[in-house]
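Hi,

Here is the structure I promised to pass on to you. Have a look at it first, and then read on for what I found.

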Amino acid sequence: MFGFFHADLLRKYTIAFGTLFNEIYVERRNNSGARVKTLKVPLAYGPKEKFIVREAQDPDLNRKISMSLPRLSFERTGMFYDGERKLSSTMRDVVVDVSNEDNLITQFTPVPYTLNYTLSAMTHYAEDGDQIAEQIIPYFTPEYTISMKLTETGISRDIPITLESVALDDAYEGNFEDRRLVIWTFNFLMKGWLFGPVSKRGVITESTVNSYIPEFINDYSNTPKISKLVVTPGQLANGAPTSNASLTIARDQIAANSTWNYIEVKTDYNDGVGG
């Protein structure tokens with residue numbers, strides 16, 4: 001119906017969110033407090049229930065290999081329209097196409113959507129869970145902002161991530177041989193944007209404004225012009241901007257993303273004939 005376009009934004013947001021937590025570690029210490037081991041906590045995408053079921057499949061500790069804990073998992077659980085961040089629908093981002101400087105890349109204002117993410121930390125020991133929580137919580141006050149380039153325009157946007165809530169569940173039940181499962185759950189909101197398609201069009205290098213006699217404004221075919229204003233870019237051969245029409249290089253030699261000035265040439269038609 002609307003034509004195919006795909007900026008892969010939801011995937012980019014999910015990857016960016018997960019990347020924040022891929023350098024979490026826990027330390028193991030002996031009775032004297034000396035560090036004896038440092039473990040990097042593995043991170044995977046998926047609901048925590050998936051890993052809880054996997055852990056529960058070996059309640060009697062009979063398997064030689066079981067799922068290792070501590071472990072982190074995260075998932076996107078939903079998204080909703082955020083009308084408070086709505087911008088004018090007629091605004092556009094405009095940049096020069098780096099692959100072809102004769103073209104401009106334009107894109108209308110994105111739609112604000114807030115994404116829900118849940119991060120779960122699963123451990124056998126309460127101390128491991130505490131260490132993980134203390135490496136995450138201090139960075140969110142309650143927001144942590146990242147900068148992302150989201151589309152072909154190359155314009156960066158700040159994406160705030162808010163820590164909404166923290167919950168702790170100690171799932172230890174049963175006899176002495178049962179495994180203990182400590183679960184920390186962190187709920188986040190990511191304030192993202194969803195963009196529409198990108199348009200590419202040529203750069204405007206000349207603008208002409210004609211002025212007419214007001215009494216005859218409804219009939220342009222028989223209305224003489226009283227003036228004409230032509231605006232073009234101006235640049236010297238050394239790349240410096242200029243507004244002198246006699247010194248500028250040809251406008252097709254001026255790159256849109258270079259430094260240039262406006263040259264205005266106005267012609268008046270005092271005899272009422274026009275040109």
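In helix H3, which covers residues 126–136, the buried residues are Asp-128, Gly-129, Gln-131, Ile-132, Ala-133 and Ile-136. What do they pack against? Four strands are in contact with the buried residues of H3: S1 (25–29), S4 (71–81), S7 and S10. Please keep in mind that this is a predicted model.

Two of those strands, S7 and S10, also pair with each other. S7 spans residues 111–123 and runs antiparallel to S10, with 13 bridges joining the two. A second antiparallel partner of S10 is strand S9 (residues 156–170), joined to S10 by nine bridges. Asn-187 is a handy place to see both pairings in your viewer: Thr-118 stands opposite this residue of S10, and so does Ser-165. As for cover, ten of the 13 residues of S10 are buried, so the strand is mostly covered, given that buried means under 20% relative accessible area.

Lys-191 brings us to the charged pairs. Side chains of opposite charge can pair when their charged atoms come close. Lys-191 forms a salt bridge with Glu-143, and the closest N and O atoms are 3.9 Å apart. Glu-143 lies in strand S8 (residues 143–149) and Lys-191 in strand S10 (residues 182–194), so this pair ties together parts that are 48 residues apart in sequence. Is Lys-191 buried or exposed? Neither quite fits, because its relative accessible area of 27% makes Lys-191 partly exposed. Glu-143 is partly exposed as well, at 35%.

How many salt bridges are there in total? The count comes to seven. Two others from that set are worth a look:

- Arg-29 pairs with Glu-27, with 2.7 Å between the closest N and O atoms. Glu-27 has a relative accessible area of 24% and is therefore partly exposed.
- Asp-8 pairs with Arg-11, and here the closest N and O atoms are 3.6 Å apart. Asp-8 counts as partly exposed because its relative accessibility is 25%.

There is also an open sheet to look at. Three strands make it up, in the order S5-S6-S11, with antiparallel pairing. Its edge strands are S5 (92–96) and S11 (199–202), each of which pairs on one side only. From one strand to the next, the twist averages 30°. Strand S6 (residues 103–108) is joined to S11 by four bridges, and the two run antiparallel. If you want one pair to check there, Leu-104 has Arg-201 in S11 as its bridge partner.

Finally, some totals for the whole protein chain. The chain holds three helices and 14 strands. Of its 275 residues, 32% count as buried. Among contacts with a separation of 6 or more, 65% are between residues 24 or more positions apart. The exposed area is about 17,100 Å², and carbon and sulfur atoms supply 51% of that area.

If you would like to start somewhere, open the model at Asn-187 in S10, then move along to Lys-191 in the same strand.

Best wishes

Technical notes
Residues numbered from 1 in each chain as written. Predicted model: local features only at pLDDT ≥ 70, side-chain atom pairs only at ≥ 80, totals over all residues. Heavy atoms only, no water. Salt bridge = Lys/Arg side-chain N within 4 Å of Asp/Glu carboxyl O. Buried < 20%, exposed > 50% of the residue type's maximum accessible area, 1.4 Å probe, protein only. Pairing = 2+ DSSP bridges. Axes fitted to C-alpha atoms, helices over the stretch in contact; angles between N-to-C directions. Contact = heavy atoms within 4.5 Å. Areas by Shrake-Rupley, 256 points an atom, 1.4 Å probe, with all protein chains shown as cover.
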